[in-house]
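Trainee: I have a chain open on the screen and would like to go through it. Can we take it piece by piece?
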Amino acid sequence: MPRSPHTVSDVMTHTAVAVGRQAPYRDIVRLMGEWKVSALPVLEGEGRVIGVVSEADLLAKEESRTRAWPGEREPDPVPKADALYAEELMSSPAVTVHPQATIAEAARIMATRRVKRLPVVNATGLLEGVVSRGDLLKVFLRPDEEMAREIREEVLPSLPAGARLTAEVEEGVVTVGGDLHDRMLVPLVARAVQAVEGVVDVRLDLREHAPA
C-alpha cells in the first residue's frame, strides 16, 4: 500500500542549482531567472553549504538607488548594496534541513525563519537537494482513496475502539463516523487522522456507544 511521504527526502528537488563564493552578481540573477527560483545555496569545497543568496539580498542594490536631493539628508546605507559576489551577498550560516526531517518540521522552519526554500544537507553539510514551499504542498495532492486506505488500515486500528470507526475522504477532507464509547477519545481520533499527510480537514460524525 502506498505510504504517506513523511520526510523531506520524499518531496525535495534532488537536482539543485547552486553557486560558489565568487559567483558574480549578474550570474546569480541570471541563474535565478533561468531556474525560476527565489534563492540559491552557496557552496564551497566538495559541496558544503555555507550560505544562501535570496532575491531579497539581490534587491538591496536596487533599494540603494535612492539619492537625496540637494539639502536633504543622505539616506542610511543599505546593507549589501555594494556587494558584487555571492560571498558578500549571502546570508550565513544557511538555514538548512536534513532529508530525514518530517514535512511538518520543514514547514515549521520555513515559517519561523521566514524563508521560501531550504537547502537539504546531509550529516556533513553537503548539499543533497532543495525543498521549497511548493514541494511541501505536494502532499495535499495525494489521492483521496490512498489517504482513506491509510486511515482505515493503519490509523484507526491503532486507536482505542478504532475498529468501530469508518473514514471517508473527499477533496482531502476526512469524515470519521461510527460508534465511540468514550467521548474523551474524540480529540485523540481527530489528532491521529489530522496527522496523515495530505489531510486538509477532519470532520467527526460520531455516536456515543456504551461499551458492552
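Trainee: What is the mean pLDDT of the chain?
Mentor: This is a predicted model, and the mean pLDDT of the chain is 89. A value of 70 or more is reached by 88% of the residues.

Trainee: Which elements have the lowest and the highest mean pLDDT?
Mentor: The lowest is α3, with a mean of 86, and the highest is β1, with 98. As a reading rule, where pLDDT is low, the predicted coordinates should not be read in detail.

Trainee: OK, sheets. What is the order of the strands in the open sheet of three?
Mentor: The order is β1-β2-β3, and the pairing is mixed.

Trainee: Why is one side of β1 and of β3 left without a neighbour in the sheet?
Mentor: Because β1 (19–20) and β3 (48–54) are at the edges, and each has a single partner strand. Helix α2, residues 25–35, packs on this sheet and touches β1, β2 and β3. The direction of α2 makes about 125 degrees with that of β2.

Trainee: Back to "mixed". Which pair is parallel or antiparallel, β1 with β2?
Mentor: β1 and β2 run parallel and are joined by two bridges. Gly20 stands opposite Leu43 in β2. β2 (residues 39–44) and β3 run antiparallel, with six bridges between them.

Trainee: Which residues of β3 stand opposite Leu40 and Pro41?
Mentor: Leu40 faces Val53, and Pro41 has Val52 as its bridge partner. In general, strands of a sheet pair through backbone hydrogen bonds, either parallel or antiparallel.

Trainee: How many residues lie between the strands in the hairpin of β2 and β3?
Mentor: Three, and in that hairpin Gly45 takes a positive phi near 65 degrees.

Trainee: Which other strands form a hairpin, with five residues between them?
Mentor: β4 and β5 do, and Gly125 in their turn has a positive phi of about 85 degrees. Five bridges join β4 to β5 (residues 127–132), and the two strands run antiparallel. In this pair, Arg117 stands opposite Ser132 in β5.

Trainee: Those were glycines. Which residue other than glycine has a positive phi?
Mentor: Lys36 is one, with phi near 55 degrees. Lys36 lies in the loop between α2 and β2. For background, most residues other than glycine have a negative phi, and most peptide bonds are trans.

Trainee: Where is there a cis peptide bond?
Mentor: Between Ser92 and Pro93, with omega about 0 degrees. Pro93 is in the loop between α4 (86–89) and α5 (103–113).

Trainee: New topic, empty space. How much space lies in the largest pocket?
Mentor: About 340 Å³. It is lined by 18 residues, and the closest to its centre are Ala39, Val52, Ser54, Arg114 and Val115.

Trainee: Which elements each supply at least two residues of that lining?
Mentor: β3, α3 (55–63) and β4 (117–121). By class, the lining of the largest pocket has nine nonpolar, four polar and five charged residues.

Trainee: And closed space? How many cavities of 30 Å³ or more does the count give?
Mentor: One. The volume of the largest cavity is about 40 Å³.

Trainee: Which residues line the largest cavity?
Mentor: Ala39, Leu40, Pro41, Val52, Arg117, Leu118, Pro119 and Val130. β2 and β4 are the elements that give two or more residues to this lining.

Trainee: How many residues of each class are in that lining?
Mentor: Seven nonpolar, no polar and one charged.

Trainee: Some names came up twice. Where does Ala39 appear?
Mentor: Ala39 is among the residues closest to the centre of the largest pocket, and Ala39 also lines the largest cavity. Val52 appears in both places too, and Val52 is the bridge partner of Pro41.

How values were computed
Residues are numbered from 1 along each chain as its sequence is written. This is a predicted model: local features need pLDDT of at least 70, side-chain atom pairs count only at pLDDT 80 or more; totals for chains, interfaces and linings use all residues. Side-chain values use heavy atoms; hydrogens and water are left out. Two strands pair if DSSP finds at least two bridges between them. Helices (H or I, at least four residues) and strands (E, at least two) are DSSP runs, numbered from the N terminus. Contact means heavy atoms within 4.5 Å. Axes are lines fitted to C-alpha atoms, for helices over the stretch in contact, and angles run from 0 to 180 degrees between N-to-C directions. On a 1 Å grid over the protein atoms alone, a cavity is a set of points where a 1.4 Å probe fits but cannot get out, and a pocket is an open set with protein on both sides within 12 Å along at least five of seven lines; lining residues have an atom within 4 Å of a point. Grid points are joined across faces, edges and corners, and a volume is the space filled by probe spheres set on the points. Ala, Val, Leu, Ile, Met, Phe, Trp, Tyr, Cys and Pro count as nonpolar, Asp, Glu, Lys and Arg as charged, and the others, Gly among them, as polar. pLDDT is the predictor's confidence in each residue, from 0 to 100.
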